[in-house]
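Grab your viewer and a pencil. Below are a few short exercises, each with a worked solution.

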Amino acid sequence: MKRPRVKICCISSVDEAMLAIEYGAAALGLVGHMPSGPGIISDELIKQIAEKVPPPIATFLLTSETKPQDIIAHYKKANTTTIQIVDELEKREYQTLRKELPNVKLVQVIHVTDESAIKEAVELSTYVDAILLDSGNPNLTVKELGGTGRIHNWEISRRIRQSIKIPLFLAGGINKDNVRQAIEVVQPFGLDLCSSVRTDGKLDPEKLRDFFNAVEL
């Protein structure tokens, strides 16, 4: 089993970005405007951080926009390597994004609330470069689009991974104590985490070290 790549989300400064990279992050999540959840920063700061991150480290813009032109406008303020679409894209107009932003990777988030996520993932996997499974609930009055710290049903995640032909990132409540189980059950391409490597909202070097050590076991 290949070691999964690790994406550290909710990066809030250039210093945090460099700290995450130092400990082994292959990708960084930069959170734009959201209806709820942690880690939201300005588009100006997202762009500033993305400019400082060296290749081959990927930078993900988390956008809650649902219309293609709004996503494109959001991206042009940020200039990351990747767009992470955390809500449902209106009319599945992925081709509009591809045409306007041909060199930008697209990652679609699917919130695993029940087995219906399997069918959704299989359908959407034909449009994007990767699927990211998270534990939010976009059906609430105030949408949860990530950053919940909750685990979802990893058996469903495993079935999704077996059913799609593109990389799969696993998010939602992953920490140093359960990451080995997550890897063994789901066998994801990548892991995505935010709160479990933070203390009082700030990246914690000791927690980063412990997490990456657990991944390497």
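The exercises go from the sheet to one strand in it, and then to the cysteines.

Before you start: this is a predicted model, where local features need pLDDT of at least 70, side-chain atom pairs count only at pLDDT 80 or more, and totals for chains, interfaces and linings use all residues. Residues are numbered from 1 along each chain as its sequence is written, and side-chain values use heavy atoms, with hydrogens and water left out.

**Exercise 1. Work out the strand order of the barrel and the sense of its pairing.**

Step 1: Take strands (E, at least two residues) and helices (H or I, at least four) as DSSP runs, numbered from the N terminus. Two strands pair if DSSP finds at least two bridges between them.

Step 2: Strand 2 (residues 27-31) pairs with strand 3 in the parallel sense over five bridges. Val 31 has Leu 62 in strand 3 as its bridge partner.

Step 3: Strand 3 also pairs with strand 4 (residues 82-85), parallel again, over four bridges; here Thr 63 is matched with Ile 85.

Step 4: Going all the way round gives a closed barrel of eight strands, 1-2-3-4-5-6-7-8, with parallel pairing.

**Exercise 2. Find out how strand 3 connects to strand 4, and with which hand.**

Step 1: The linking element is helix 3 (residues 68-78).

Step 2: Point the strands away from you; a clockwise path from the first strand over the helix to the second counts as right-handed.

Step 3: Strand 3, helix 3 and strand 4 make a right-handed β-α-β unit.

**Exercise 3. Decide whether the faces of strand 3 are buried or exposed.**

Step 1: Buried means under 20% relative accessible area, exposed over 50%, and partly exposed in between (1.4 Å probe, protein chains only).

Step 2: On one side, Ala 58, Phe 60 and Leu 62 are buried; on the other, Thr 59, Leu 61 and Thr 63 are too.

Step 3: That makes six of six residues buried in strand 3 (residues 58-63).

**Exercise 4. Identify the disulfide and its handedness.**

Step 1: A disulfide is a pair of cysteine sulfur atoms within 2.5 Å. Cys 10 and Cys 194 qualify, with sulfurs 2.3 Å apart.

Step 2: The torsion about their S-S bond is about -120 degrees, so the disulfide is left-handed.

Step 3: Cys 10 sits in the loop between strand 1 and helix 1, and Cys 194 in the loop between strand 8 and strand 9, so the pair ties together parts 184 residues apart in sequence.

Step 4: Both Cys 10 and Cys 194 are buried. Cys 9 is in no disulfide; its nearest cysteine sulfur, that of Cys 10, is 4.3 Å away.
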